[in-house]
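I opened my notebook to look up which side chains pair with one another in this model. My plan was to take the charged pairs before the aromatic ones.

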Amino acid sequence: MEDSVLERVKYLIDVKRLSVLSLSEIIGMPQTTVNNYILGKRRISLEFIEKIISSFGDVNPNWLLTGKGNAFDSPNEKQIAITGGSGNIAGNIGGSNMGNTYNFAPPPHGFQKIIDGDGNVEIYQSDSNILKELNELKIDNALLKQQVEHLTEKVEWVTKSKDEIIETLRGQLEQFSHSIDK
């Protein structure tokens, strides 16, 4: 039996050691909405899935939607667990057991902190807006392709009709000129 999207979301919450509150803050959705999704009181929306994918860049979108493939994009990388609200992280990165715990303040909304194996912290602007814009551009692109196909068909029809009209007029002109000559 395959897992449902809901079960895979619950798996991510468990692996990343998140609470519903922390997940809702990370993805920028109301806690009650996220809680209703997790409890199965509400059907999971595409917006919810998109926000998870854009907020957790390591999550494999194909796995999240279909259950196929690895849960995370790089199977060699272990997940960094963020303990609920304490600001501590611990875990394995790139398969090497660090065994270290770091304290840090969460980054501002729209940013993410990257901590390397030496404990150096770098702050990057989150790509969630870029992913959203990319999805919107994909939709726009698909709509434009449909419009181009439709217009191409119309141009072909008009061209065909124009040629037929010209042929008809030529025939009528020949008939008219033959009737004048007689």
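The entries below follow the order in which I looked things up.

**Entry 1: salt bridges**

I kept in mind that I was working with a predicted model. My search of the whole structure for salt bridges returned 4 of them, and I wrote notes on several, beginning with K16 and D58, whose side chains meet at 3.0 Å, N to O. I looked up where the two partners sit and found that this pair links distant parts of the chain, since K16 belongs to the loop between α1 (5–15) and α2 (20–27), while D58 belongs to the loop between α4 (46–55) and α5 (61–66), 42 residues apart.

Is K16 buried or exposed? I noted a relative accessible area of 8% for K16, and because buried means under 20%, K16 counts as buried. For its partner D58 I noted 22%, which makes D58 partly exposed.

Next I turned to K51 and E47, whose side chains form a salt bridge at 3.7 Å, N to O. Why are these two separated by about one helical turn? I found that K51 and E47 are 4 residues apart in helix α4, so about one turn of that helix lies between them. K51 is partly exposed with a relative accessible area of 22%, and E47 is partly exposed as well, with 42%.

I also looked at E167 and R170, which meet in a salt bridge at 3.4 Å, N to O. Both residues lie in helix α6 (residues 128–181), 3 residues apart, or about one turn of the helix. I recorded R170 as partly exposed, at 48% relative accessibility.

**Entry 2: aromatic pairs**

How many aromatic pairs does the structure hold? I counted 2. In one of them, Y11 and W63 are arranged edge-to-face, with 5.7 Å from centre to centre and 65° between the planes. Because Y11 lies in helix α1 and W63 in helix α5, the pair ties together parts that are 52 residues apart in sequence. I noted that Y11 is partly exposed at 39% relative accessibility, whereas W63 is buried at 9%.

I then looked up Y37 and F48, an aromatic pair that is tilted, with 4.6 Å from centre to centre and 45° between the planes. This pair, too, links distant parts of the chain, with Y37 in helix α3 (residues 31–38) and F48 in helix α4, 11 residues apart. My last note is that both Y37 and F48 are buried.

Technical notes: Residues are numbered from 1 along each chain as its sequence is written. This is a predicted model: local features need pLDDT of at least 70, side-chain atom pairs count only at pLDDT 80 or more; totals for chains, interfaces and linings use all residues. Side-chain values use heavy atoms; hydrogens and water are left out. Buried means under 20% relative accessible area, exposed over 50%, partly exposed in between (1.4 Å probe, protein chains only). Rings of Phe, Tyr and Trp (its six-membered ring) pair if their centres lie within 6.5 Å; planes under 30 degrees apart count as stacked, over 60 as edge-to-face and the rest as tilted.
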